[in-house]
Amino acid sequence: MTIITKASILCLLAATVVSPSIGGDTLTPGRPLADGGGTLISAGGRFELGFFSPGASNNRYIGIWYHDIAQTVVWVANRKRPVTGRPGTLFIATNGTLIITDDNSTAIWSSSSPPLANPVAQLLDDGNFVVREAGSDSEDPNSFAWQSFDFPTDTHLPGMKLGWNLTSHLNRNLTSWTSASDPAPGNYTAAIDLHGYPQLFIFSGTRKYWRGGSWNGIVFSSVPEAIYASDRFNIVFIIDSQEVMYTNYLRNASMISRLVMNQSGKLQRFVWIEERSSWNLFWFRPKDQCDSMSPCGPNGVCYPSDWPMCHCLKGFRPKDPSNWDLRDGSDGCVRKTALDCRNGTDGFVTLNGAMIPDTSSSVVDWSLSLEQCRARCLRNCSCTAYASANISGSESGCIMWTTDLTDLGVVSSGSGQDLYVRLAAADLGSESGDSRRSRVVVISVVIAMTILVLGCAACCVWKRKKRRKNCLAEGHNEGTGQDLDLPLFDLAAIIDATDDFSIHNKLGEGGYGPVFKGKLGGEQDIAVKRLSKTSMQGLEEFKNEVMLTAKLQHRNLVRLLGCCIQAGERMLIYEYMPNRSLDAFLFDKSEDISLDWQTRRNIIVGIARGLLYLHQDSRFRIIHRDLKASNILLDKDMNPKISDFGMARVFGGDETEANTRRVVGTYGYMSPEYAMDGIFSVKSDVFSFGVLLLEIVSGKKNRGVIYHSASHLNLLGYIWSLWKEGKGSELVDGSIGHSCSLAEVLRCITVGLLCVQERPEDRPTMSSVVIMLNSDGELPQPQQPGFVVARAPPETGSSTTNHDSSSTRNSLSVTLLEGR
Ligand code: AMP
């Protein structure tokens, strides 16, 4: 914005003010546009420009919207600074500067352009608001001194450029609104990144959030479905010394379409359906499990419709097989056989249908054919892969990668392209007819076997040594009797790390005892759980937690780093979770941080994946038995980690349910069959997960609150009654605001209701839950939840009920009252 003083505005106004009202499509220095004094309408009647207030806001903005389509604003001038008092005015000064003033005549926004002698501002029929010399050609972009198309907000219209003018360094990108009532720049930006071979990205703040990929002559490589738009749009992507930019034009001028960067991080193309008078979602991204940044790590390939989704490229194997087996692909894959550039025996394997890897460090040579590209790659010992840069028509140009291949995917629709990955001869398999191959294979196998045998031997020696000083050894002394291989920390080191358990380092307190933050060796942040001598959860829970957490590894489970058993102290040392536990975000209204929908959804999906791992994918079948908001910890990126395994139980191979006399867990999260009959199974965890999901969506507690005083409904009962009446949207936590897609939220609520159904056999397994959360398929109709009537339980944390004791009967009858 050009800086303009109040005095100069008054001068400009004095020189220009004449008629109060407006019409047509043009502003001139003598014709300002006052708020309430009309609007500009483009000559063909498609777009309108004027003052408006978005959503429930009273703030006033100058915007452009479709003249005949309600509530679709495509551009906002003063998005960062609204007019708060009426009336504002938009006028064009005699030098061609556009200025918005408030009722005080203070400039709150202005355009910046070279001075003109006889300026006009005109709203064109493509939605572009331009400033030019009167009498110049309104069809010729070269005559525009300023244009709104150079400063997009969240919407790309046909004809608008997205990307860089390399001469003026103008970067045109799309930035989401903050909320439906506030067009100020939000968290997500779709932009062209110039590193390596330019690519489209969505950034969340400054972090890369989704990679749309590089232009392959038809579409951006990671948006293959946009190929189906190419018969409707004439798409142009230019990379030259002047600019790197994308634009499109409609093949049929009567079609209406827009591309929007929305508030929850989705890039959406809409088309207008005239007969139904509604916008239809044509495609959107990110949309599937492969759409996070490089989910399968270097040299891993993500298959969106597969489970597990990650595979290694041919000739590669998982770098960390144990994490890979646990569905954590982030470490990616490494070569089975090193490349052999010097002897010239390397070759290529073709990956068909690829969404090609990240090109941030790739080079492109447009002069090369595909054959020349192959030869160039073979000559360059650092070259790891190549592909055609342009797959429209006959393939041309050459992209070469000289690093690991990251964020690589494969599309099933056949709209991807071929990627040629360099492999050592030994890994080429039937693709190479070279007789040396078998020799290399044999030698490689012998070497691999030798390394394996030596590795195993070294591992055994190392384990034997290490076992002398770990939680196992101490555990034996203390009577755990379990074969655990978990580091034992020295008490002095923990005292040092926590500043002698300083109250300033206390993070919180659970049933087990206080938890302290510490800095190990002045570097690594840790959380130390110190078993309190008065804790109800004693040695048994300690042993259980050590035994289970030490053996489990998953990105959605908190990691136990070790323990400390010394001088009568028992402590567990965990990785530190900077955002602590989920309950504070959901229920503590004094916490001034609300979670947007995307974060809530990620948390729900992460918990579901962690629980699926416990139930199905880990070495044992584990029932957590105390899943609740305070047992979900959040890392620095708000990824959820399930914690507190003190009450978890391991099931043997065929065991599917068990009965306990000692019911442990937390009111509000316990399933009916568990609370009343002590029967627990994976389905009792599914019930707790359902309650947790509904709490995350609603921001309301299930436990101890009555939501409908007449019928005494708890949260489950309340949601059930809303859902039956088709009013599920009323449940959504107000603080989510407009950051959510209603369809996604309603889908989540339905999944939550399926999980809390009264009969365990009606509830889905966690693998079905994960699939339901990540797909668009039709969902079954939920039956009534168990426990729909509220009772205020004791405000303690986890509770234990012994079915044998006399108090048991009391507890049971109380529990029964709590049921329907
Ligand atoms: P708990 O005993 O697991 O219920 O933990 C009590 C409280 O300590 C939690 O609600 C958290 O606020 C905090 N806490 C526990 N573990 C960690 C951790 N690994 N990192 C950060 N905070 C933690």
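Student: Which residue takes a positive phi in the hairpin of strand 23 and strand 24?

Tutor: In this predicted model, that residue is Ser277, with a phi near 50°. The hairpin has four residues between its two strands.

Student: How do you know that strand 23 and strand 24 are paired?

Tutor: Pairing requires at least two bridges between two strands. Strand 23 (residues 267-273) and strand 24 (residues 278-285) are joined by seven bridges, therefore they meet that requirement, and they run antiparallel. Within this pair, Leu267 is placed opposite Arg285 of strand 24.

Student: Why are Cys290 and Cys302 called a disulfide?

Tutor: The cut-off is a pair of cysteine sulfur atoms within 2.5 Å. The sulfur atoms of Cys290 and Cys302 are 2.0 Å apart, so the pair qualifies. The link is left-handed, with -85° about the S-S bond. Cys290 lies in the loop between strand 24 and strand 25 (300-302), whereas Cys302 belongs to strand 25, and the two cysteines are 12 residues apart. The whole structure contains six disulfides.

Student: What makes strand 15 and strand 20 edge strands of their sheet?

Tutor: Their sheet is open and consists of four strands in the order 15-14-21-20, with antiparallel pairing. Strand 15 (170-172) and strand 20 (233-239) each have a single partner strand, so each has one side without a neighbour in the sheet. From one strand to the next, the twist averages 15°.

Student: How do you know that strand 14 is a partner of strand 15?

Tutor: Three bridges join strand 14 (residues 162-165) to strand 15, and at least two are needed, so the strands count as paired. They run antiparallel. One of the residues concerned is Trp164, whose bridge partner in strand 15 is Asn171.

Student: Which strands stand at the edges of the sheet with the order 1-10-11-12?

Tutor: This open sheet of four strands also has its pairing described as antiparallel. Its edge strands are strand 1 (26-27) and strand 12 (144-147), each of which pairs on one side only. Strand 12 is joined to strand 11 (residues 129-133) by three bridges, and these two strands run antiparallel. Arg132 has Phe144 of strand 12 as its bridge partner.

Student: What makes the approach of Lys529 to the ligand a polar contact?

Tutor: A polar contact is a pair of N or O atoms within 3.5 Å. A polar side-chain atom of Lys529 is 2.9 Å from an oxygen atom of the ligand, so the pair satisfies that limit. Two backbone contacts may be judged in the same way. A backbone N or O atom of Glu575 is 2.9 Å from a nitrogen atom of the ligand, and a polar backbone atom of Met577 is 2.9 Å from a ligand nitrogen atom. The protein buries 92% of the 480 Å² that the ligand exposes when taken alone.

Student: Which residues come nearest to the ligand?

Tutor: Among the 15 residues around the ligand, they are Gly510, Lys529, Glu575, Met577 and Ser581. The shell divides into seven nonpolar, three polar and five charged residues.

Student: Which strands each supply at least two residues of that shell?

Tutor: They are strand 35 (506-510), strand 37 (524-530) and strand 39 (569-575). Strand 35 gives the largest share, with four residues.

Technical notes. Residues are numbered from 1 along each chain as its sequence is written. This is a predicted model: local features need pLDDT of at least 70, side-chain atom pairs count only at pLDDT 80 or more; totals for chains, interfaces and linings use all residues. Side-chain values use heavy atoms; hydrogens and water are left out. A residue is near a molecule or strand if one of its heavy atoms lies within 4 Å of it. A polar contact is a pair of N or O atoms within 3.5 Å; within protein, one must be able to donate a hydrogen and the other to accept it, and residues adjacent in sequence count only if both atoms are side-chain atoms. Accessible areas come from the Shrake-Rupley method with a 1.4 Å probe; for residues, only the protein chains shown count as cover. Ala, Val, Leu, Ile, Met, Phe, Trp, Tyr, Cys and Pro count as nonpolar, Asp, Glu, Lys and Arg as charged, and the others, Gly among them, as polar. Axes are lines fitted to C-alpha atoms, for helices over the stretch in contact, and angles run from 0 to 180 degrees between N-to-C directions.
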